[in-house]
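Me: Please take a close look at one part of this structure and work outward from there. I would like the packing described first, and then the side-chain pairs elsewhere in the chain.

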Amino acid sequence: MTSTAAGNTRTRKPPLDLFQHRLLFVTGKGGVGKTTVAAALGLAASQAGLRTIVCELDSRERIGPAFGVQMRGFEEVELAPDLYAIQIDTQHAIEEYLMLQIKVRPVYDMLFKNRIFDYFAAATPGLAELVSIGKVWELAQADRLTKGASEYDLVIVDAPATGHAIAMLEAPETFRRIARVGPIHRQAGYIQSFMHDPEKTAVLAVATAEEMPVNETVDLRAALKERVNLDIDIAIVNSLEPQFFSEAEIEQIRGAGDSAPVEAAVLQWERSQRQHEQYARLAKDLKRPLVTLPFIYERTIGRTELQTLADMLAEQLAAPLAEAVADIEEDDLEDAG
C-alpha cells in the first residue's frame, strides 16, 4: 500500500475483503448508476489510504465533471487526494500498445497512419475489448509499462453493461487462442491470468431494485462463472427508495382525501414496496452479499453527493465479506434441511 498523499488523512480502515484486490470491475444493466457507484467506491478507497484510479470505458465524461475537474482524454487526471481518473478509448489504447511493442516512431507512424490498418482494427472482432482491458491491466501493475508512470493500489473499472463486460473479460483468452505464438499470445496470457484471478480481480454488480436489472444480475453471475471462472463478489443495489411510512400510516394518509401531497405520498410508498420486493428476490436468487445505496433527490450528482455515497459504502463494506458469504451458505443449508 502506498503512503497517503499530503493532506489526505486516513479516515477509516480499508474494507479488507474487497479493497485487497488490485482491480474492481463494476458492471450491471445500463442505466442503474454504475458510474456513480464506481466514483463513490473510488472516493471511499482513496480516503481509506489507497492510491486509486477510476477508468471510464466509454466516450462520455461523467466522473471528472462530478468532481469539478476537466478530463484530458487518455491522461491520468487527479480528482482528489489519492484519487485519479482516466478515460480509455480504443484508438489511444491501440496507439499506446503499438508504441510499446514497436518502440520506433517512424515504423509506428507508417503502420498506425495507414488506412489499411484502420480497416483491419475496425474489422477484428474483440480487438477493441482487448486493448481496452489491456490498458486496465497495465494500470493495475506494480511495475507499469508506461514510462515514468506511478503505481496504483487499486484500479476501479466503470465497465460496460453486462453482456459487453463479459466479452471484455473474455477477450484475452480469445486472442491467446488465435495468436498461438508471439508477443500478442504472451501479452494476452498475462492479461487473462490477472483478470481471471479472483485474488486480484473482484466483480461488483450494480442493480436497481426492479425486475429487469434483478434478472440481469442473476444471469450475470451464471455467465461469469461459466465463461471466465469469476463470481460476483458484491451486488450493490442502487437508488433504493426510503420507507417514510408504515402500512398503517399510509392507510391513514389515504383517508385524508384526494390531494397532490396525498397522491405523492402513496405513490412513493408503493414504489418503495415494489423495490423492497425485488430486493428480497435478488437476495434469494443471487445468494451473494448485498449492500444498498439510497435514491439521491438531486438533479445532478456532484462531489457532496458522492461523498455521502462513499461514506455509506465504506460503512457497509467494513464488515468482512467472508462473514456475509458464510451467512448465505448457512441459510442455504438450513433451507436444504
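Reply: The bridge partner of Ala 207 in β7 is Val 237. The model is a predicted one. Ala 207 falls within β6, which covers residues 201-208, and Val 237 within β7, which covers 232-240. The two strands run parallel and are joined by six bridges. In general, strands of a sheet pair through backbone hydrogen bonds, and the pairing can be parallel or antiparallel.

β6 and β7 belong to an open sheet of eight strands, ordered β3-β4-β2-β5-β1-β6-β7-β8, with mixed pairing. The edges are held by β3 (77-80) and β8 (290-294); each has a single partner strand, so one side of each has no neighbour in the sheet. On average, and ignoring direction, neighbouring strands of this sheet are turned by 25° against each other. Helix α10 packs on the sheet, where it touches β1, β6 and β7, and its direction makes about 160° with that of β6.

That helix is the part to look at closely. α10 comprises residues 211-227. With 17 residues at 1.5 Å a residue, α10 should span 24 Å, and the distance between its end C-alpha atoms, 24 Å, agrees with this. Its buried residues are Pro 213, Val 214, Thr 217, Leu 220, Arg 221, Ala 223 and Leu 224. They pack against β1 (23-28), β6 and β7, and also against two helices, α8 and α12.

How buried is Leu 224, in terms of relative accessible area? The value is 1%, so Leu 224 counts as buried. Leaving aside residues up to four places away in sequence, Leu 224 touches Ile 166, Leu 169, Val 203, Asn 229, Leu 230, Asp 231 and Ile 232. Of these partners, Ile 166 and Leu 169 come from α8 (residues 162-178), Val 203 from β6 and Ile 232 from β7. Ala 165 is 59 residues from Leu 224 along the chain, and the C-alpha atoms of the two are separated by 9.9 Å. Asn 229, one of the contacts of Leu 224, takes a positive phi of about 60° just after α10.

Contact with α12 can be followed from Gln 278, which is found in that helix. Gln 278 touches Ala 209, Glu 210, Glu 211 and Val 214, with residues up to four places away in sequence not counted. Val 214 is one of the buried residues of α10. Gln 278 counts as buried as well, because its relative accessibility is 17% and the cut-off is under 20%.

Both helices that flank α10 also carry salt bridges. Side chains of opposite charge can pair when their charged atoms come close. In α8, Arg 176 and Glu 173 are three residues apart, about one turn of the helix, and their closest N and O atoms are 3.1 Å apart. Arg 176 is partly exposed at 29% relative accessibility, whereas Glu 173 is buried at 16%. In α12 (residues 260-286), Arg 281 and Asp 285 are four residues apart, again about one turn, and form a salt bridge at 4.0 Å from N to O. Both ends of this bridge are partly exposed, Arg 281 at 26% and Asp 285 at 37%.

The count for the structure comes to 16 salt bridges. Another of them joins Arg 72 to Glu 75 at 3.0 Å, N to O; Arg 72 is partly exposed at 46%, as is Glu 75 at 40%. Glu 76, Lys 135, Glu 138 and Arg 144 are linked in a salt-bridge network.

Three aromatic pairs are found in a search of the whole structure. One of them is the edge-to-face pair of Tyr 84 and Tyr 152, 5.7 Å centre to centre with 65° between the planes. Tyr 84 lies in strand β4 (residues 83-87) and Tyr 152 in the loop between α7 (127-139) and β5 (154-158), so this pair ties together parts 68 residues apart in sequence. Both tyrosines, Tyr 84 and Tyr 152, are buried. Phe 295 and Tyr 297 make another edge-to-face pair, with 4.8 Å between centres and 70° between planes. Here both residues are partly exposed, Phe 295 at 35% and Tyr 297 at 47%.

Definitions and conventions. Residues are numbered from 1 along each chain as its sequence is written. This is a predicted model: local features need pLDDT of at least 70, side-chain atom pairs count only at pLDDT 80 or more; totals for chains, interfaces and linings use all residues. Side-chain values use heavy atoms; hydrogens and water are left out. Buried means under 20% relative accessible area, exposed over 50%, partly exposed in between (1.4 Å probe, protein chains only). Contact means heavy atoms within 4.5 Å. A salt bridge is a side-chain nitrogen of Lys or Arg within 4 Å of a carboxyl oxygen of Asp or Glu. The expected span of a helix is 1.5 Å times one less than its number of residues. Rings of Phe, Tyr and Trp (its six-membered ring) pair if their centres lie within 6.5 Å; planes under 30 degrees apart count as stacked, over 60 as edge-to-face and the rest as tilted. Two strands pair if DSSP finds at least two bridges between them. Axes are lines fitted to C-alpha atoms, for helices over the stretch in contact, and angles run from 0 to 180 degrees between N-to-C directions.
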